[in-house]
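Student: Please give me a close look at one loop position, and then set it in the context of the rest of the chain. State the cut-off behind each term as you use it.

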Amino acid sequence: MGRIRDKLYKSERGIASQLVETPARTSATCSGASLSRAGKLSARNLDTRASPQPGSFWALRGGWPQPVARVTPGKMAATSSSDSDGGKGESSEANSKWLDSLSDSMANIHTFSACLALADFHGDGEYKLAMGDLGPDGRQPRLKVLKGHTLVSQKPLPDLPAAAVTFLMASHEPRTPALAIASGPCVYVYKNLKPYFKFSLPSLPTNPLEQDLWNQAKEDQIDPLTLKEMLEGIREKAEVPLSVQSLRFLPLELSEMEAFVNQHKSKSIRRQTVITTMTTLKKNLADEDAVSCLVLGTENKELLVLDPEAFTILAKMSLPSVPVFLEASGQFDVEFRLAAACRNGSIYILRRDSKRPKYCIELGAQPVGLVGVHKVLVVGSNQDSLHGFTYKGKRLWTVQMPAAILAMNLLEQRSRGLQAVMAALANEEVRIYHDKVLLNVIRTPEAVTSLCFGRYGREDNTLIMTTLGGGLIIKILKRTAVFAEGGGEAGPPPSQAIKLNVPRKTRLYVDQTLREREAGTAMHRTFQADLYLLRLRAARAYVQALESSLSPVSLTAREPLKLHAVVQGLGPTFKLTLHLQNTSTARPILGLVVCFLYNEVLYALPRAFFKVPLLVPGLNYPLETFVKSLSDKGISDIIKVLVLREGQSTPLLSAHINMPMSEGLAAD
């Protein structure tokens, strides 16, 4: 028996030593129950020196444990939790809403959210990512196109990109979208990712004094030093800014000026603005694949709407400041609204029939992002906060962020009808909000500078992020993922959860409750009767005041007057000022007198009756007099002021002045 046991032991060790670990595949992982059974069997039948190595997945096949996958340290890190649901802290990949598709820290991509665009550029069902890349030092702008995880093309751009959008130019087949890149003063349009059209902003009028100076330099009438001094004087005083040619000339050294003048004096000067932001606006239909117009924001505080076919300017609107973010809704031919976040910290709302803003939202801080979600404008500010506004400027909510906001964009899950806002923060988090409710938090290895969500490749819900160091992160939203509201930090404050110390119900409270239940109808009728009686008495008192002219405002059409009295002083002498005003539109009033009625035991006035001068309409006439308190007991009374017409005893209006108590002593 001992020899047989030794032979079996040696054969089992030989079989175990011939097992070879296969490459890691996520589809070949086994469940925890299979692993536990495999571990028990291997511990029972195999020698401890032939047990599975750490990082290997083993399963039962033909009654023997065989390795099916091996996880490397990098893949073990990738399977760790990278997002949480509303701060609940999910710790397993099975509970995560996102699948990691790519994490490349060496992608060398430097851009921001406005320069990312997803579309099917060739009509083959494969969605690609087009981006305007600034370059590592901001001096090598390029148009890059990614397909899957591969960079398929890159083309140089003449200037730094400001925005990238995709739009349909025409409704005929094939309905492939075009790509528009805003760079400097131009918009470069690509079809099938090939150059198609270039639109340039119209030139601005130049300063005539600047033009005259360059003409003199062309004829050698002035030297370069004099030209520089006169251009500096124009820049400080003139309302029209200088051209780019003059601005490049001013900072040059004396040795470089002459060569610059000789090179450029034969060229005509031009003043050109640049594009700061760009978006799309549907032309006449609200369909997803409808023709769209381009909306441009420029440095000279204007918004331009371009025709999608002829690229002519359809509409031009002016703004008080330079726009940096744009959001459009509606159709150009029907009705539309444009929201423009500007550098002065305000958001302006424009409509189809207005050349200037109709509404203004003052943030009190600089905007760092603008996203439209249904009928709400979500604005991020440099005060680390998100704000929700209506298109009429009403503030709906505010959410404070734990760090500065670096990028914002829209997350739209069409299969579930969800629209949310993504905000990338400086603390290496990406937060997803639906209104002010936190839905999800994604933690990244580096701060994210741009966000883009949509169909990529053949996946409908793909999140693309670029990091501060030039990295690229691609995540895919699981088809079974559901963003549950109410699981985040937003909501009622914790103080609402504290129970109040409500006193116990007394016997008197219970008796009153029973009485109200039994006699509720009678109590309500009594309350209504008292309320109607109060209203009747108030109406009668008002009518009586009008009939006896006891009101400080005259309601007659012949003498429309208004009286206002002011008492100044501590006593015993007070200064009484009556402000009398003629409220008619064009007719002056003449022949009025003012009379004072008072207790002569308590007060003394130098004049209790005097005439009023001519009252011109709209002017306020102050009439001053002095009131002396005669009582040393601190007694005060009412002084009545009556305004009458000469020869009539019925006052036109009156006022009752409650005199203050005298704080001084009456003079002997």
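Tutor: Helices (H or I, at least four residues) and strands (E, at least two) are DSSP runs, numbered from the N terminus. With that convention, the position to look at is Asn207, in the loop between strand 12 and helix 4 (208-218). The model is predicted, so local features need pLDDT of at least 70 and side-chain atom pairs count only at pLDDT 80 or more, while totals for chains, interfaces and linings use all residues. Residues are numbered from 1 along each chain as its sequence is written, and side-chain values use heavy atoms, with hydrogens and water left out.

Asn207 is buried, at a relative accessible area of 5%; buried means under 20%, exposed over 50%, and partly exposed in between (1.4 Å probe, protein chains only). Once residues up to four places away in sequence are set aside, Asn207 touches Ile234, Ala238 and Val240, where contact means heavy atoms within 4.5 Å. From Asn207 to Ile269 the C-alpha to C-alpha distance is 9.7 Å, with the two positions 62 residues apart in sequence.

Strand 12 also takes part in a ring pair. The structure holds 7 aromatic pairs; rings of Phe, Tyr and Trp (its six-membered ring) pair if their centres lie within 6.5 Å, and planes under 30 degrees apart count as stacked, over 60 as edge-to-face and the rest as tilted. Phe197 and Phe311 form a stacked pair, because their ring centres are 4.7 Å apart and their planes are at 15 degrees. Phe197 belongs to strand 12 (residues 194-200), whereas Phe311 sits in the loop between strand 15 (302-306) and strand 16 (313-318), so this pair ties together parts that are 114 residues apart in sequence. The two partners are covered unequally: Phe197 is partly exposed at 34% relative accessibility, and Phe311 is buried at 5%. Phe332 and Phe336 also stack, with centres 5.6 Å apart and planes at 20 degrees; both of these residues are buried. Elsewhere, ring pairs join Trp98, Phe453 and Phe483 into a cluster.

Two rings have a charge over them, which requires NZ of Lys or CZ of Arg within 6 Å of the ring centre and within 35 degrees of the ring normal. Lys191 lies over the face of Tyr196 at 5.7 Å from the ring centre, and the charged end of Arg337 is over the ring of Tyr391, 4.2 Å from its centre.

A second buried polar residue can be set beside Asn207. Thr276 is part of strand 13 (residues 275-282) and is buried, with a relative accessible area of 17%. Its side chain reaches the backbone oxygen of Pro323 at 2.7 Å. That is a polar contact, meaning a pair of N or O atoms within 3.5 Å; within protein, one must be able to donate a hydrogen and the other to accept it, and residues adjacent in sequence count only if both atoms are side-chain atoms. Beyond four places in sequence, the contacts of Thr276 include Ala162, Thr298, Val322, Pro323 and Arg343.

Next, the nonpolar cores, each a set of buried Ala, Val, Leu, Ile, Met, Phe, Trp, Tyr and Cys residues joined through side-chain atoms within 4.5 Å. The largest nonpolar core has 27 residues, and Leu578, Val594 and Phe596 have the most contacts inside it. Among the elements that give two or more residues to this core are strand 32 (561-568), strand 33 (573-582) and strand 37 (620-629). Strand 33 contributes the most, with 4 residues. Outside its four nearest places in sequence, Leu578 has contacts that include Leu563, Val594, Phe596, Leu623 and Ile657. A separate second core, of 21 residues, includes Ala424, Val437, Leu439 and Phe453.

Two loop residues have unusual backbone angles for their type. Glu428, in the loop between strand 26 (418-425) and strand 27 (429-434), has a positive phi of about 65 degrees although it is not a glycine. Asp435, in the loop between strand 27 and strand 28 (437-443), is also not a glycine and has a positive phi of about 60 degrees. Both are partly exposed, Glu428 at 35% and Asp435 at 39%.

For the protein as a whole, there are 9 helices and 39 strands. Buried residues make up 41% of its 668 residues.
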